[in-house]
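Reader: I am new to this structure and should be grateful for a close look at one part of it. Please take the packing of helices in the second chain, and set it in the context of the whole.

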Amino acid sequence: MTSSITAISKRGFALALASAALLAASGAHAQAALDNILKAKVIKIAVPTDYPPYGSVDKTMTPQGLDIEMAQLIATKLGVKVELVPVTSANRIPYLQTRKADLVISTLGKNAEREKVIDFSSAYAPFFQAVYAAKSMKLTSFADMAGKTVAVTRGAMEDQELNKVAPPNVDYRRFEDNNATIAAFVAGQTQTVATSAAVAGDMLAKNPKVSAEFKLLLKDSPCFIGIAKNEAALKAKVNEIIAAARKDGTIDKMSKKWLGKEAGDLPV
Amino acid sequence: MEFDFGAVLVDWRLLARGIAWTIGLTAIATLIGMVVGVACAWARSSGPLWLKGIVGAYVELIRNTPFIVQLFFIFFGLPAAGLKLTPETASIIAMVLNLGAYATEIIRAGIEATPKGQIEAAVSLALNKVQVFMRVVLPPALKKVWPAMVSQIIIVMLGSAVCSQISVEDLSYAANLIQSRNFRAFEAFIIATLTYLALSIGLRKLLNWAGPKFFFGR
């Protein structure tokens with residue numbers, strides 16, 4: 001139907017028709033997304049491919065990461081096949097609104113603006129900034145950081161957050177970008193590093209020999225699964241899967257694997 | 001667009017410390033780098049063959065690679081070989097190596113421009129090898145190349161801005177840190193620019209005075 005519409009050269013007319021068709025389609029789909037998925041035996045899930053460790057492609061161009069594993073988990077629990085749709089941060093919500101994807105699992109944070117256009121599941125993964133250091137180092141509170149060197153990226157949120165909570169005699173080593181910050185820590189030039197879980201997870205994945213682990217939490221803003229508005233059945237099913245995965249430790253295991261830290265308490 | 005220099009100058013302590021680091025790094029690198037340069041220039045012009053080879057390789061290696069790569073190698077690369085240096089030490093080593101290599105070639109040019117007869121005259125006066133080099137060959141050589149030498153030292157000082165990349169808290173680090181906090185990039189960098197300009201002019205004046213006074217008379 002859409003192809004015949006775009007063939008019409010008068011743009012305004014085509015646009016009006018297309019939006020009418022879209023409205024009709026979404027009306028027909030409302031509350032039916034779950035049924036349609038189960039009928040088609042395939043679920044389309046939007047995932048990132050440019051954001052390790054949540055989503056990236058490996059050497060064979062196969063998507064991998066926490067979000068991808070989550071997508072596969074949802075599909076498996078639904079008993080359907082998964083079709084991964086690569087999205088970027090900017091277009092992930094439009095993909096959902098235009099029904100090019102049934103779910104968005106793409107490090108999506110919840111805020112008021114987004115809640116106006118889409119629904120959110122319970123949180124499935126943490127997204128946080130934290131201090132990382134060698135496993136052998138005793139670092140249980142920010143006070144323990146006194147006199148220690150810490151690598152941070154200049155002007156990044158971690159830098160500012162750390163300034164608020166750490167003692168004044170912490171020896172900040174500020175670098176231009178995340179790569180230099182991580183390189184300094186990996187080379188042993190600093191004792192600790194403050195960075196986002198995404199960057200730290202990538203560091204741990206690429207440098208398995210580096211002895212580093214999560215030490216102190218700086219700031220927390222967990223990831224949620226995005227669902228089209230008014231799909232209560234699908235939302236309930238997704239929440240059920242997340243709750244079960246939290247209970248049996250799957251969520252913690254995934255978080256540990258990709259982010260170096262268990263998921264802990266996540267908002268429902 | 002409105003400018004607010006006060007927002008930057010409020011952090012004058014950071015800037016002052018940055019200037020002190022820039023001057024300190026440059027001073028140490030210049031002193032040691034000059035000694036390296038003189039020693040290597042001697043080795044390259046009248047040292048034994050094997051030493052000529054080693055010094056030649058060093059000079060070519062440093063002069064044909066970027067300073068920032070040399071610095072990154074020393075700071076990020078050497079720890080893998082078990083050598084961990086503070087950012088400040090790594091910067092000084094990189095600056096000394098860099099200035100040393102350029103100074104070698106500059107001083108060697110001066111030495112080669114010294115007439116042979118002058119050296120033969122010195123030898124015939126029964127001066128030994130060290131005396132000939134230190135008293136007869138080196139002073140006129142330095143005098144001939146001093147302007148080039150001064151320029152090279154200033155290049156090294158300006159190049160020290162790169163050391164902020166490995167978290168040395170020099171002047172450009174201070175400017176960068178301030179602008180990342182208050183987003184006053186124009187004001188922060190114009191202040192840094194003018195400060196570097198003043199430092200360069202001051203350093204040139206100082207060296208033009210110090211050269212004749214301490215190194216080659218008159």
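Author: The following account turns first to the helices of chain B and then to their surroundings.

The model is a predicted one. Chain B contains nine helices and zero strands, so that its elements, read from the N terminus, run α-α-α-α-α-α-α-α-α. Of its 218 residues, 36% count as buried. Among contacts in chain B between residues at least 6 apart in sequence, 77% join residues at least 24 apart.

Within this chain, helix 2 of chain B, which spans residues 12-46, merits particular attention. General practice offers a way to describe such an arrangement: two packed helices are characterised by the angle between their axes and by the distance between those axes. Helix 2 of chain B packs with helix 5 of chain B (residues 87-112) at an angle of about 45°, and their axes are 6 Å apart. An angle between 35 and 65 degrees falls in the oblique class, and helix 2 of chain B and helix 5 of chain B are therefore oblique to each other. The crossing in which helix 2 of chain B passes helix 5 of chain B is right-handed.

Helix 2 of chain B also meets helix 3 of chain B (residues 49-63): the axes come within 8 Å and cross at roughly 125°. That angle makes helix 2 of chain B oblique to helix 3 of chain B. The crossing of helix 2 of chain B with helix 3 of chain B is left-handed. On the side of helix 2 of chain B, the residues that take part are Cys40(B), Ala43(B) and Arg44(B). They meet Leu51(B), Lys52(B), Val55(B), Gly56(B) and Val59(B) of helix 3 of chain B.

Chain B is also in contact with chain A. Ten residues of chain B and eleven residues of chain A make up this contact. On the side of chain B that touches chain A, the elements giving two or more residues are helix 4 (67-77) and helix 8 (171-182) of chain B. Helix 8 of chain B gives the most to that side, with four residues.

Chain A itself has eleven helices and 13 strands. Of the 268 residues of chain A, 42% count as buried. One element of chain A that is mostly covered is helix 9 (residues 197-206), where eight of the ten residues are buried. Among the buried residues of helix 9 of chain A are Val199(A), Asp202(A), Met203(A) and Leu204(A). The buried residues of this helix pack against several elements of chain A, including strand 8 (128-133), helix 8 (178-186) and helix 11 (250-259).

The nonpolar cores complete the picture. The largest has 75 residues, and those with the most contacts inside it include Ile45(A), Met70(A), Leu103(A), Val104(A) and Ile225(A). Helix 4 of chain A (residues 66-78) supplies the largest share of this core, eight residues. The core draws at least three residues from each of domain 1 (28-127 + 223-259) and domain 2 (128-220) of chain A. A second, separate core has 53 residues, including Met95(B), Leu142(B), Cys163(B) and Ala192(B). As for Val104(A), its contacts beyond four places in sequence include Ala46(A), Tyr95(A), Leu96(A) and Ile225(A).

Terms used
Residues numbered from 1 in each chain as written. Chains lettered and ligands numbered in written order. Predicted model: local features only at pLDDT ≥ 70, side-chain atom pairs only at ≥ 80, totals over all residues. Core = buried A, V, L, I, M, F, W, Y, C linked by C-beta atoms within 7 Å. Buried ≥ 20, exposed ≤ 12 C-beta atoms within 10 Å, placed from the backbone. Domains from an automatic or database assignment. Contact = placed C-beta atoms within 7 Å. Axes fitted to C-alpha atoms, helices over the stretch in contact; angles between N-to-C directions. Parallel < 35°, antiparallel > 145°, perpendicular 65-115°, else oblique. Left-handed = near helix turned anticlockwise from the far one by under 90°.
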